[in-house]
Amino acid sequence: MFIINLMDNNIEILRKQIREDPYNFIMNWMDKNLLIVGKEAFKILALMPHSLFLPDIKFASTDIRANINNLIIAHSGDGKSTLSKKFSQLCYNPIVRRSITTADLIDTASELKWVSLVIEDLSQTADEGYDTIKVIEGIIGDEKSINRSTMNKEYTGEVKGIGFLGVTPHDLERFAHELESGLLSRCTLTLIKLTHNDRKKIEEFKHLRAGDSKYAEEIRIIDEIVIDFYMELQMIQRGRHNEYLIDKYGKNHNKEVIKPIISYEIDMKFKQEFFRKWTKILDNLMKQGQHISNRESQEYYRFLVSHAFLQVFNRDYKNGILIPNEEDHRIALDLTIQNLKYKWAIPIALESNKRTKTLDALEKLINQGLPEVVRDVLINISPNSKYIKDKVFN
């Protein structure tokens, strides 16, 4: 397993380590910042900052947007604030708010054009009105634009963004309509579920690291390494890699200058394996009288090219054409299937929650043999979950 050596403060060694295995380096970095939660959240978050700059993916008669968005479902106190802070440090033009109004979002995004939207509490934003949700959809979705008129002013124009949005499980039901109307289809999902033992480990971690200035300095150094790594990816895609290298190492840097990625070459066997798995899942859902939009399959391609570009120093690229490999394929496949499970489970769990007003009803439903992912979501959103969660999860 890839381990960050926190005792080694040699900057060049750390830079070499992150280039050799950036995905695991970044997740282990976040595990050192936010135990358990950080690593789970950054399975997807690690792929997002640079996805803002990646070219669209050719797909039949249309294109698939490359930018990745994420909706994280986590209870208050489970680390959304820390995740938001760390993630925003890796992003281009971050707009960071606990909640945001329509006017604030339109004015700020219209000025910046390319944005990384980080909203810790989406439920408060939803309370601002449906207009705000629609503006978010336009920025982070296929539209890549803001289009809204008022009596006094007309807002229109191209704005491209990525979105990291936080919500508590108990708020899911309260504004499920806004999610189902379009925002959910534009986002990948992460569910943070912590057992009693997880929480004990997290509390122990906090107490043991309290006042540990040496550990804090080690984390600060690695923070800078990770932030700088994403900056280099950004500069590659903006055609300014040589400028970055000169600034970092001087004019005689003797480093390879990578040109921007303009397209991708995806192995046919990867596409065939994904299509077989995807078709099998859809067939099983149809037999159960359920349906998932085929648009969800596009997340596979977003994960695939984003992970490949994260690993650009270890991948083949010819004349600006990036070639994902088997590792990219496996990670994209796993993330896509996990995301699909949550997309399928949330509506079922929300509907089930309406029928479980008592603890007895919740226990009876769980004991009937719910699919594991539905059970996990239901236990997290039910008001009776505090009486049953640890017994079930442990």
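# Notebook: confidence, aromatic contacts and salt bridges

I began with confidence by element: helix H18 (residues 389–393) has the lowest mean pLDDT, 55, and helix H3 (residues 37–45) has the highest, 98. The model is a predicted one. For the protein I noted an average pLDDT of 87, with 89% of the residues scoring at least 70.

**Entry: helix H3.** I looked up which residues of H3 are buried, and found Val-37, Gly-38, Ala-41, Phe-42, Ile-44 and Leu-45. These residues lie on the same side of H3, because they cover an arc of only 150° around the axis. I recalled the general rule here: an α-helix has 3.6 residues a turn, so residues three or four places apart point the same way.

**Entry: aromatic pairs.** I recorded 12 aromatic pairs in the structure. The pair of Phe-274 and Trp-278 is classed as tilted because the ring planes meet at 35°, with the ring centres 5.8 Å apart. Both residues belong to helix H13 (residues 268–287), where they are 4 residues apart, about one turn of the helix. Phe-274 is buried at 5% relative accessibility, and Trp-278 is buried at 5% as well.

I then examined Tyr-300 and Tyr-301. Their ring centres are 5.0 Å apart and their planes stand at 80°, so I entered the pair as edge-to-face. Tyr-300 has a relative accessible area of 0% and is buried; Tyr-301, at 11%, also counts as buried. I asked myself which residues form one aromatic cluster. The members are Phe-59, Phe-274, Trp-278, Tyr-300 and Tyr-301.

**Entry: charges over rings.** I found the charged end of Arg-19 over the ring of Phe-313, 3.9 Å from the ring centre. The charged end of Arg-209 sits over the ring of Tyr-215, likewise 3.9 Å from the centre.

**Entry: cysteines.** My search for disulfides gave a count of 0. I also checked burial for two cysteines: Cys-91 is buried at 11% relative accessibility, and Cys-187 is buried at 1%.

**Entry: salt bridges.** I noted 29 salt bridges in the whole structure. One of them joins the side chains of Asp-104 and Arg-97, at 2.8 Å from N to O. Asp-104 is partly exposed at 24%, and Arg-97 is partly exposed at 27%.

Next I took up Lys-193 and Asp-376, whose closest N and O atoms are 2.4 Å apart in a salt bridge. This pair links distant parts of the chain, 183 residues apart: Lys-193 is in the loop between strand E9 (188–191) and helix H10 (196–209), and Asp-376 is in helix H17 (residues 372–381). Is each partner buried or exposed, I asked? Lys-193 is partly exposed, with a relative accessible area of 32%, whereas Asp-376 is buried at 4%.

I also recorded a salt bridge between the side chains of Glu-326 and Arg-330, 2.8 Å from N to O. Both residues lie in helix H15 (residues 326–354), 4 residues apart, about one turn of the helix. Glu-326 is partly exposed at 34%, and Arg-330 is partly exposed at 36%. In addition, I traced one network, in which salt bridges with shared partners join Lys-134, Glu-137, Glu-143 and Arg-186.

**Entry: Leu-359.** I located Leu-359 in helix H16 (residues 359–367). Leu-359 is partly exposed, at 29% relative accessibility. I noted 8.9 Å between the C-alpha atoms of Leu-359 and Pro-383, which are 24 residues apart along the chain.

Note on methods: Residues are numbered from 1 along each chain as its sequence is written. Side-chain values use heavy atoms; hydrogens and water are left out. pLDDT is the predictor's confidence in each residue, from 0 to 100. Helices (H or I, at least four residues) and strands (E, at least two) are DSSP runs, numbered from the N terminus. Buried means under 20% relative accessible area, exposed over 50%, partly exposed in between (1.4 Å probe, protein chains only). Rings of Phe, Tyr and Trp (its six-membered ring) pair if their centres lie within 6.5 Å; planes under 30 degrees apart count as stacked, over 60 as edge-to-face and the rest as tilted. A charge sits over a ring if NZ of Lys or CZ of Arg is within 6 Å of the ring centre and within 35 degrees of the ring normal. A disulfide is a pair of cysteine sulfur atoms within 2.5 Å. The arc is that of the directions from the helix axis to the C-beta atoms. A salt bridge is a side-chain nitrogen of Lys or Arg within 4 Å of a carboxyl oxygen of Asp or Glu.
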